[in-house]
Amino acid sequence: MTVPQVPVQLLNREQAILEFNRRVLAQAQRADVPLLEQLRYICIVSSNLDEFFEVRFADMLDAARDPESLVNNRDVERVGRAAHALIDEQYSVFNDLVMPALRAQRIVVLNHADRNEAQRQWVAKFFEREVRPLLVPVGLDPAHPFPQVANKSLHFIARLSGKDAFGRDNRIAIVKVPRVLPRVIKLPASISDGQQAFVLLTSVIRAHLEELFSGRKVEAFSQFRVTRDSDLEVDEEEVANLRHALRSGLTTRHFGRAVRLEVVNTCPAELSQFLLEQFGLPAAALYRVNGPVNLVRLNELIDQTEAPELRFADHEPIWPQGRLPRQKSLFDRLRKGDVLLHHPFESFDPVVEFLRQAVEDPDVLAIKQTIYRTGSKSVLMDLLIEAARRGKEVMAVVELKARFDEEANINWAERLEAVGAQVVYGIVGYKTHAKLLLVTRREGAKFRRYAHLSTGNYNPRTARFYTDLGYLTADPELTSDADAVFRQLASLGKIKPPKRLLLAPFNMHSRMLEYLAQVEQAALAGKPARVVIKINALTDLELIQALLRVSQAGVKVDLIVRGACMLPPGLPGVSDNIVVRSVVGRFLEHTRICYFRWGPGEEDEALYLSSADWMSRNMFRRIEVAWPVVDARLRQRVIDEGLLPYLHDSLDAWQLGPDGRSSRISDQGCSAQQALMKRYQSDN
């Protein structure tokens with residue numbers, strides 16, 4: 001017996017992404033969040049919105065032009081209005097809440113009008129010494145056409161009086177602001193009147209803009225910034241060498257199709273209209289902002305401010321000494337049982353140490369690792385290079401199309417190849433998003449494999465503020481499955497169905513649907529049934545429909561979805577057994593956990609950790625893995641630390657309504673992240 005499917009209107013994905021950023025912006029309005037961290041959340045929203053326009057909104061514009069697409073111009077307009085409203089709210093929080101609070105703490109950003117004579121003289125000297133030599137104003141005429149404007153680069157536009165040196169009436173000029181210049185400059189204490197005083201680079205240039213146009217006056221001006229479609233379009237089937245093609249594509253990415261134009265709110269209409277025409281943009285793509293056009297760069301102010309009391313207290317992840325003694329062989333420890341690591345509450349150092357011991361151990365013969373977002377500087381990549389230099393067999397599966405990390409990954413691939421490592425780039429048409437590290441060691445007359453699997457990236461820096469679960473194991477079936485995945489990625493050949501791993505794009509999606517169907521049938525038979533899923537996004541239509549069927553069978557379903565969720569919860573008779581919550585706190589929630597129960601016994605439940613979100617791209621267009629936690633003790637630990645605290649969070653949690661809007665559950669009570677920090681520190 002199955003429950004008949006009730007038709008339901010799903011939530012819009014792009015609006016769901018904007019709703020997530022509204023939750024992040026709310027962090028900047030919380031009295032219990034330190035002031036500089038409030039400003040940091042504003043910067044995070046700007047960074048997120050940049051990527052939203054570069055990728056999601058750009059894709060939406062493309063889809064609206066496709067006659068076969070379900071996306072139409074009304075959808076684009078609706079999402080555009082929501083983006084305008086969010087950005088207006090962001091600048092309101094910045095101007096009306098955070099900046100006044102900083103001034104009250106004697107941390108000030110001085111405009112030209114606010115600066116005293118000594119400060120103006122210092123700024124003038126700074127401009128003459130550090131800024132002016134790098135500025136090249138371009139007056140527009142037939143021989144000086146509108147310049148190439150790179151994605152997200154800062155520029156000024158000016159309207160000038162009179163005629164130029166050659167007697168011509170060219171009145172529009174463009175000034176590019178080089179990226180190498182600091183956007184936030186701290187004034188010396190000697191002229192800061194007992195405050196921490198800063199000036200923005202835009203304010204410095206604005207105060208001296210006219211000096212760039214000798215003999216003419218600046219009648220009107222504005223900062224501006226254009227955001228462009230930044231997806232790298234490479235036909236993988238047509239190129240002979242993906243790395244070379246992507247390397248070439250990186251230079252053109254900065255000049256993709258324009259999708260958004262930002263100007264200050266005082267920009268005259270004639271100048272903004274001129275810019276819209278130059279970039280081929282409609283009026284709806286114009287964003288007038290009440291402040292700097294790139295709030296992301298205010299991270300420089302946070303970094304330069306000396307006020308530790310206005311930041312989160314330092315958090316140092318602990319080494320799990322009780323479960324993983326220092327200065328001991330990790331291989332010896334893993335032969336006794338699996339080890340679960342919970343970042344950032346526990347340190348990422350054991351993962352680095354695992355690889356370091358593999359590099360230094362003469363009995364280790366081979367190391368294989370996937371590389372997705374490891375960063376431009378990486379101790380792990382340095383260790384892989386050292387392993388190859390020592391003559392070990394090193395295989396690196398480098399995902400060249402990890403968005404915005406392409407250049408770093410290409411550089412690592414070239415360095416690894418230079419020392420003799422075997423480098424492959426995954427499968428044409430599929431991103432390799434799985435997080436796997438496999439070590440093969442000679443032990444007596446046999447080989448034994450050891451592995452690390454993770455829900456997050458091999459990046460020690462982000463492991464300090466992303467929540468993830470890592471799994472160290474010597475389990476023969478898991479490590480054999482991992483080895484088969486690496487062999488397939490290298491040889492492109494078919495492999496036997498894995499015994500323990502679920503592998504996208506092959507069986508992960510179908511197995512998740514099978515588990516949901518099993519839970520549904522158990523509920524209809526009157527057995528205990530439960531589903532708890534913690535992921536970053538839920539947009540796959542089939543999985544959403546399966547969750548709705550489970551709900552309609554009477555199963556309580558808890559979804560902890562950090563970002564975009566297209567399932568509308570709480571609809572009577574449709575999804576009233578589904579609760580969707582999102583936790584936004586100090587750390588970025590990144591863990592993927594899937595828990596299913598279809599009966600009363602321990603054998604009637606399954607718990608998986610995964611690299612994949614419940615999105616169609618993850619299930620069908622990426623190489624992803626999920627693995628079961630079969631050890632009862634570790635499974636209970638995942639439930640107790642990875643799920644239950646988030647279900648009971650009443651401070652950082654938001655609940656999603658059927659209309660797609662989120663509401664904060666409470667402004668008091670317990671925070672899952674804070675509770676976990678305290679738990680781990682007290683256990684240390």
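For the residue classes used here, Ala, Val, Leu, Ile, Met, Phe, Trp, Tyr, Cys and Pro count as nonpolar, Asp, Glu, Lys and Arg as charged, and the others, Gly among them, as polar. With that settled, a look inside this predicted model turns up 5 cavities of 30 Å³ or more across the whole structure.

The largest cavity comes in at about 70 Å³. Its lining splits into 5 nonpolar, 3 polar and 4 charged residues. The charged part of that wall is made up of Asp50, Arg225, Arg260 and Glu262. Ser46, Gln90 and Asn294 are the polar ones, and the nonpolar share falls to Leu49, Ile87, Tyr91, Val293 and Leu295. Three elements each put at least two residues into this lining, namely helix α2 (35-65), helix α3 (73-104) and strand β8 (258-264).

The second largest cavity has a volume of about 60 Å³. Here the class count reads 3 nonpolar, 5 polar and 1 charged. Asp468 is the charged residue, while Phe348, Ala463 and Tyr466 supply the nonpolar part. The polar residues of this lining are His343, Ser454, Gly456, Asn457 and Thr462.

Strand β8, already met at the largest cavity, also belongs to an open sheet of 6 strands. Read across, the order is β2-β4-β3-β7-β8-β9, and the pairing is mixed. The two ends of that row are β2 and β9 (286-289); each has a single partner strand, so one side of each is left without a neighbour in the sheet. From one strand to the next, the twist averages 25 degrees. At the β9 end, β8 and β9 run parallel and are joined over 4 bridges, with Val263 taking Arg288 in β9 as its bridge partner. Helix α3, another contributor to the lining of the largest cavity, lies across β8 and β9 and runs at about 15 degrees to β9.

At the other edge of the sheet, Val138 sits in strand β2 (residues 137-139). Val138 has 23% relative accessibility and therefore counts as partly exposed, since the buried class stops under 20%. Setting aside neighbours within four places in sequence, Val138 touches His144, Ile172, Ala173 and Ile174. Ala451, by contrast, is 313 residues away from Val138 in sequence, and the two C-alpha atoms are 57 Å apart.

A further open sheet has 3 strands in the order β1-β6-β5, again with mixed pairing. β1 (107-109) and β5 (184-186) hold the edges with a single partner strand each, so one side of each is left without a neighbour in the sheet. The twist in this sheet averages 25 degrees from one strand to the next. β5 is antiparallel to β6 (residues 196-200), and 3 bridges join the two. Within that pair, Val184 stands opposite Leu200 in β6.

Finally, Thr432 is part of strand β14 (residues 431-432). Thr432 counts as buried because its relative accessibility is 1%, against a limit of under 20% for that class. Beyond neighbours within four places in sequence, the contacts of Thr432 are Thr370, Tyr372, Val397, Glu399, Gly426, Ile427, Leu489 and Ile623.

Definitions and conventions. Residues are numbered from 1 along each chain as its sequence is written. This is a predicted model: local features need pLDDT of at least 70, side-chain atom pairs count only at pLDDT 80 or more; totals for chains, interfaces and linings use all residues. Side-chain values use heavy atoms; hydrogens and water are left out. Two strands pair if DSSP finds at least two bridges between them. Axes are lines fitted to C-alpha atoms, for helices over the stretch in contact, and angles run from 0 to 180 degrees between N-to-C directions. Buried means under 20% relative accessible area, exposed over 50%, partly exposed in between (1.4 Å probe, protein chains only). Contact means heavy atoms within 4.5 Å. On a 1 Å grid over the protein atoms alone, a cavity is a set of points where a 1.4 Å probe fits but cannot get out, and a pocket is an open set with protein on both sides within 12 Å along at least five of seven lines; lining residues have an atom within 4 Å of a point. Grid points are joined across faces, edges and corners, and a volume is the space filled by probe spheres set on the points.
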